[in-house]
Amino acid sequence: MLSSASNRALTFTLQFSSSLKFSPKTNIQCRPRRLHRSIMSSGSRSSPREADLNDTGCGGAITLEEWQGWGCVSPVPAMVNAVIQDLKLLENNTDAHMVFGGIGGKLQGDFKVQEDKKHRAKYQSLGDSNKKFQFFSARQIACRLLGSRGYLCQKCWLPTEDCMCSQVKPCSLWHGIRFWLYMHPKDFLRQNNTGKLLWQVFGVQAATLCLYGISEDEELMWNAFKDAGRDKVWCLYPNQNMVPKTVQDAFTGQSSADTECTYSLTSGDKPLNFVLIDGTWSNSAAMFRRLKEQAKLVWGEEDLPCISLATGASAMHKLRPQPSWDRTCTAAAAIGVLSELQLLPECSIHGLDKQADAVEDALVVLLEALTTRRLRMGRSITRKVRHSRDIC
Ligand SMILES: [Zn+2]
């Protein structure tokens with residue numbers, strides 16, 4: 001069930017399944033933490049700044065070191081560097097300088113006007129819709145990279161003066177699980193993105209970024225899925241075509257009539273892959289569609305197994321007293337998966353509750369960093385959320 005108030009892909013169903021509700025193993029404790037929704041609306045607004053195309057030693061192109069420094073694990077996307085090269089050419093051929101600023105670090109000024117014309121023409125010239133889409137993604141990523149270079153900390157995506165890295169405590173994720181952050185380019189390098197916390201805490205091999213529309217990233221993710229096998233891939237998304245499974249349905253088969261399909265978490269040596277769609281609710285439908293299309297190419301069936309979290313208002317409310325935050329945040333979705341798996345007898349020995357706590361601690365650190373920044377910049381921390389795209 002989707003909450004109409006929520007704009008994020010990872011909304012949680014509101015019913016606690018009865019067996020979980022009364023499980024003696026439930027040990028979710030009340031933690032009196034307050035996470036204010038409005039703080040997370042502190043976007044990436046900043047003063048205008050010129051792109052630094054000369055500090056990489058290779059004409060502004062993204063090196064592998066820089067690319068992976070931002071949290072990516074793939075090779076440098078060829079199309080991203082092609083876009084950067086075009087931007088640099090345009091700058092050389094005009095008097096306008098490449099200036100970034102405002103919310104989301106977008107191009108500004110005269111250069112933006114000229115670049116707009118150029119990229120629209122390029123977009124039109126691409127015949128294939130998939131190519132158009134990949135160009136759109138690569139351009140977004142390239143602009144965000146250039147606008148953030150030398151300004152944001154590569155690890156935490158906060159302005160360097162607000163870097164929170166020293167306060168994040170790393171934690172090992174149980175090797176039986178791997179998270180994939182399938183991220184929309186518009187969420188890449190966003191200060192208030194929470195998906196990034198997962199690889200800050202667990203490392204990039206346990207929680208891996210995959211940028212939507214970047215073929216190098218998508219290929220890497222799908223190769224891992226092929227390797228793991230179809231029964232080891234779950235998308236955390238309320239699939240409208242069928243009744244979504246809860247973690248308990250999916251992994252214990254207790255409520256499944258077809259016991260032959262019962263999945264054992266401990267089978268095989270490949271981890272269970274959870275895809276978390278990291279984008280706004282309006283973008284997530286297209287992102288899920290692309291996942292389904294790719295599933296069809298790989299496995300011949302469009303259906304991508306989906307789960308929804310049973311951990312709804314009640315449990316999350318106990319965890320944190322601000323459910324509006326809980327239900328709309330990518331990191332909280334990961335916390336939900338870990339917390340629900342922890343309740344399964346076969347998972348109880350893997351310390352997933354501690355791993356969920358580690359993500360929650362990082363969330364609190366991020367919230368505090370964003371609050372400090374807003375206060376320092378003289379902005380209200382209680383302003384009304386002007387648009388609903390506030391946290392992710
Ligand atoms: Zn940092």
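Two strands count as paired when DSSP finds at least two bridges between them, and this rule helps in reading the views below of a predicted model.

**Figure 1. The whole chain at a glance.** Welcome to the predicted model. Its chain has 392 residues, and 42% of them count as buried. The secondary structure comes to 13 helices and 8 strands. Among contacts with a separation of 6 or more, 78% link residues 24 or more positions apart. Confidence varies along the way: the average pLDDT is 78, and 71% of the residues score at least 70. Please read two stretches with care. Residues 1–36 stay under 50 in pLDDT, and the model gives them 84 contacts beyond four places in sequence. Residues 254–262 are also below 50, with 9 contacts beyond near neighbours in sequence.

**Figure 2. An open sheet of 3 strands.** Here the strand order is 1-2-3, and the pairing is antiparallel. Strand 1 (49–50) and strand 3 (106–108) sit at the edges with a single partner strand each, so each has one side without a neighbour in the sheet. Look between strand 1 and strand 2 (residues 99–101) to find the 2 bridges that join them in the antiparallel sense. Which residue of strand 2 does Glu50 stand opposite? The residue is Val99. Helix 4 (residues 109–125) also belongs in this view, lying across strand 2 and strand 3 and running at about 110° to strand 3.

**Figure 3. An open sheet of 5 strands.** This sheet follows the order 5-4-7-6-8, and its pairing is parallel. Strand 5 (207–211) and strand 8 are its edges; each has a single partner strand, so one side of each lacks a neighbour in the sheet. Two helices pack on this sheet. Helix 9 (residues 281–299) touches strand 4 (177–183), strand 6 and strand 7, and its direction makes about 145° with that of strand 7. Helix 12 (residues 330–342) likewise touches strand 4, strand 6 and strand 7, at about 155° to the direction of strand 7.

**Figure 4. Strand 6 and its two partners.** Is strand 6 (residues 233–236) covered on one face or on both? Both faces are covered: Val233 and Cys235 are buried on one side, while Trp234 and Leu236 are buried on the other. Strand 6 pairs with strand 7 (residues 272–278) in the parallel sense over 4 bridges. Two pairs of residues help you follow this match: Val233 has Asn273 as its bridge partner in strand 7, and Trp234 stands opposite Phe274. Strand 6 is also joined to strand 8 (residues 306–307), again in parallel, by 2 bridges. There, Leu236 stands opposite Ile307.

**Figure 5. The largest nonpolar core.** This core has 93 residues, and those with the most contacts inside it are Tyr182, Leu198, Leu276 and Val359. Helix 13 (residues 352–376) gives the largest share, 10 residues. Why does the core lie between domain 1 (5–37 + 159–376) and domain 2 (49–56 + 67–148)? Both domains give residues to the core, so the core lies between them. Zoom in on Tyr182 and, leaving aside neighbours within four places in sequence, you will find contacts with Cys210, Tyr212, Val275, Leu276, Ile277, Asp278, Met287 and Leu291.

**Figure 6. Ile84 in helix 3.** Find helix 3 (residues 78–93), and you have found the home of Ile84. Ile84 counts as buried because 24 C-beta neighbours lie inside 10 Å, and the cut-off for being buried is 20 or more. Not counting residues up to four places away in sequence, Ile84 touches Gly60, Ala61, Ile62, Ala142 and Leu146. For one of these, Ala61, the C-alpha atom is 6.4 Å from that of Ile84, although the two residues are 23 residues apart along the chain.

**Figure 7. Leu158 in a loop.** Where does Leu158 lie? Leu158 is in the loop between helix 5 (129–148) and strand 4. Leu158 is buried, with 21 other C-beta atoms within 10 Å. Beyond residues up to four places away in sequence, its contacts are Leu152, Cys153, Cys163, Met164, Gln191 and Ala369. Ser148 makes a handy landmark: Ser148 and Leu158 are 10 residues apart in sequence and 9.5 Å apart in space, C-alpha to C-alpha.

Note on methods: Residues are numbered from 1 along each chain as its sequence is written. This is a predicted model: local features need pLDDT of at least 70, side-chain atom pairs count only at pLDDT 80 or more; totals for chains, interfaces and linings use all residues. pLDDT is the predictor's confidence in each residue, from 0 to 100. Two residues are in contact if their C-beta atoms, placed from the backbone, lie within 7 Å. Axes are lines fitted to C-alpha atoms, for helices over the stretch in contact, and angles run from 0 to 180 degrees between N-to-C directions. A nonpolar core is a set of buried Ala, Val, Leu, Ile, Met, Phe, Trp, Tyr and Cys residues joined through C-beta atoms within 7 Å. A residue is buried if 20 or more other C-beta atoms lie within 10 Å of its own, exposed if 12 or fewer, and partly exposed in between; C-beta atoms are placed from the backbone. Domain bounds come from an automatic or database domain assignment.
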